[in-house]
Amino acid sequence: MSQTTEYTPKTDVGRIANFVNQRTGAAAAVKEFGRKIFPDHWSFMFGEVALYSFIILLLSGTFLTFFFDPSMAETHYDGSYVPLRGIEMSVAYSSSLDISFDVRGGLFMRQVHHWAALLFVAGMSVHMLRVFFTGAFRRPRELNWVVGGVLLILGMAAGFTGYSLPDDLLSGNGLRIIDGVIKAIPVVGTYISFFLFGGEFPGTAIIGRLYVLHILLVPAIILLMVVLHLMMVVIHKHTQYPGPGRTEDNVVGFPVGPVYAAKAGGFFFVVFGAIAAIAALFQINPIWNYGPYDPSPVSAGTQPDWYIGWVDGALRLMPGVLGDFSFERNVAFPWGHNTFVFNVLLPALGPALFLLGLLFAWPWIERWITKDNREHHILDRPRNAPFRTAVGAAGVVFYCTMWAAASSDLIATHFHVSLNDVTYWLRTIFIIGPFIAFWITRRLCLSLQRKDRETVLHGREAGVIMMSPEGGYSEKHEQLNEYKRWRLVSFDTPQYIPAQPDEDGKITKKEKRRAKWSKFFLEDRVAPVTPAELAAAHDHHEVEGGDHKSLGH
């Protein structure tokens, strides 16, 4: 009777791996994930940049927590920075100065942390733009798109809470703006402000509360969202760009192990090295220049980080009055009068709610307009979805105008122009700029589609002049190879769908609205080249090609 011999690894690493596997069963999961195929394209790296930046944030933030004291108790500074010695300040600001001047490597780690935060939000933003413009959010990835939107908001929240911790004049003014926005909320605003600040602004508790949010709650939720995001990427499989052999039912690429594991490890150190080089060479947030927070002065020429600046810009663009109309309205309630400060409330919350609401709802809006409920694993070229690309361009202009408005004072001083003129021009761009961007982008996409169609049917211009027997001249066109032709013909653009009756034979008002939007977005459509059109074009060129002779380049 034979006896089964238990496998015994020959190396120490093998024995440790075997020990862990026997007790956790991890080998099956590692094998399955290691064989996962991912497509290879440079645009997929933006998500990796965001992930690696977040890891660097965790590492550098852990270092900083050993030396930062989030107390708002008063003290007198006695550190190495001579100009501030003896100045009364909070313990939080004093410890921030100590990190910058007295802790070995402290200033470098502060700057690594700050630059990594900027790159984290930038990586997420560009990654989501790529997902939007290529249609990667469509079924079955709608929920993953929502997770990405939540991550973007959490990234901004993490940045703002960390930006406010040093308790310097710049961050204190940012908190003052937030306090004003909160108090502009009707009825409950003052109560929320008292709860958040522990009394009248600035109170003595806000830095400690922001510290808990910054190092504990927000990072924990970000980690949870990252895990959910990656889990859904594995479940749904990765999207890929169109090409020969790529279908809705497969993924063409390389496995995680060993190809992408090695590439990802190397790319992490590339990102780490780039952030470290920037942190070593370029100064950011010199808190010693601003001094401790004091509610009385307001510094000029200072802007928040770019991902928060657009809210500040919206506040600057909002007028206090329009003619004789004031945006501050007193409304009588049974329990007393309440003031609605719309010139603060509308710019602070309106654009943000509009942009984020449209961002979260877009997968369902597009599906409703196009009536396309199919699964999509092949990405669109942005030009092949003109209506979506135009909406995205309009949103970028809308956002960037507010972002630029946050530096309206610097624009005026650096270019020696009137601050009022800068504000008026930015208000004009804020209103009509998105519409102009939408129209131009849509026309460009349709023109590029027509150019692609012509290239597929007639080939690309070769720079060779041909003469016909009749003495006419024409330029020779070279036919595309199969791969390039595949990229230009393998797509399907949504078509305008008129209002459809329901199962009772009635056309509802909702369906009529959908049809109007569908006509607006999809009526101008350039259809992809069909196989019959391509065959007819090739036959035509074969006949025509024999009647010409080349005259050279």
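Over the ring of which residue does the charged end of R442 sit? The ring is that of F520, and the charged end of R442 is 5.5 Å from its centre. The model described here is predicted.

**Aromatic residues**

Across the whole structure, a search finds 32 aromatic pairs. One of them joins F137 and W145, with 5.6 Å from centre to centre and 50° between the planes, and counts as tilted. F137 is buried, and W145 is buried as well. Elsewhere, Y52, F267, F268, F269 and F272 come together in one aromatic cluster.

**Helix 5 and helix 14**

Helix 5 spans residues 106-134 and helix 14 spans residues 386-405. The two pack with their axes 8 Å apart, at an angle of about 150°. Because angles over 145 degrees count as roughly antiparallel, helix 5 is roughly antiparallel to helix 14. On the side of helix 5, the contact is made by L129, F132, F133 and T134. Helix 14 contributes R388, T389, V391, G392, A393 and V396. By class, the residues of this contact comprise six nonpolar, three polar and one charged.

**Helix 4**

Helix 4 runs over residues 91-101 and is mostly covered, with nine of its eleven residues buried. The buried residues are V91, A92, Y93, S94, S95, S96, L97, I99 and S100. What do the buried residues of helix 4 pack against? Their helical partners are helix 3 (45-65), helix 5, helix 9 and helix 11 (287-290). They also pack against strand 2 (74-76) and strand 3 (88-90). Helix 5 thus appears in two settings: it packs with helix 14, and it is among the elements that the buried residues of helix 4 pack against.

**Backbone geometry in loops**

Some loop residues have backbone values worth listing. The table gives two cis peptide bonds and two residues with positive phi.

| Residue or bond | Feature | Value | Loop |
|---|---|---|---|
| R139 to P140 | cis peptide bond | omega near 15° | P140: between helix 5 and helix 6 (142-163) |
| F201 to P202 | cis peptide bond | omega about 0° | P202: between helix 8 (189-197) and helix 9 (206-236) |
| D167 | positive phi | about 65° | between helix 6 and helix 7 (169-183) |
| K237 | positive phi | about 65° | between helix 9 and strand 4 (254-255) |

Neither D167 nor K237 is a glycine. Is D167 buried or exposed? With a relative accessible area of 10%, D167 is buried. K237 has a relative accessibility of 18% and also counts as buried, because the cut-off for buried is under 20%.

**N18 in helix 1**

N18 lies in helix 1, which covers residues 12-24. Its relative accessible area is 18%, so N18 is buried. Which residues is N18 in contact with, leaving aside its neighbours within four places in sequence? They are Y7 and P9.

**Summary of the local picture**

The side chain of R442 has its charged end over the ring of F520. F137 and W145 form a tilted aromatic pair, and both of these residues are buried. The cis bond from R139 to P140 belongs with the loop between helix 5 and helix 6, where P140 lies. Helix 9 borders two of the loops in the table: the loop of P202, between helix 8 and helix 9, and the loop of K237, between helix 9 and strand 4.

How values were computed
Residues numbered from 1 in each chain as written. Predicted model: local features only at pLDDT ≥ 70, side-chain atom pairs only at ≥ 80, totals over all residues. Heavy atoms only, no water. Helix = DSSP H or I, 4+ residues; strand = E, 2+ residues; numbered from the N terminus. Buried < 20%, exposed > 50% of the residue type's maximum accessible area, 1.4 Å probe, protein only. Contact = heavy atoms within 4.5 Å. Axes fitted to C-alpha atoms, helices over the stretch in contact; angles between N-to-C directions. Parallel < 35°, antiparallel > 145°, perpendicular 65-115°, else oblique. Nonpolar A, V, L, I, M, F, W, Y, C, P; charged D, E, K, R; others polar. Phe/Tyr/Trp six-rings, centres within 6.5 Å; stacked < 30°, edge-to-face > 60°. Lys NZ or Arg CZ within 6 Å of the ring centre and 35° of its normal.
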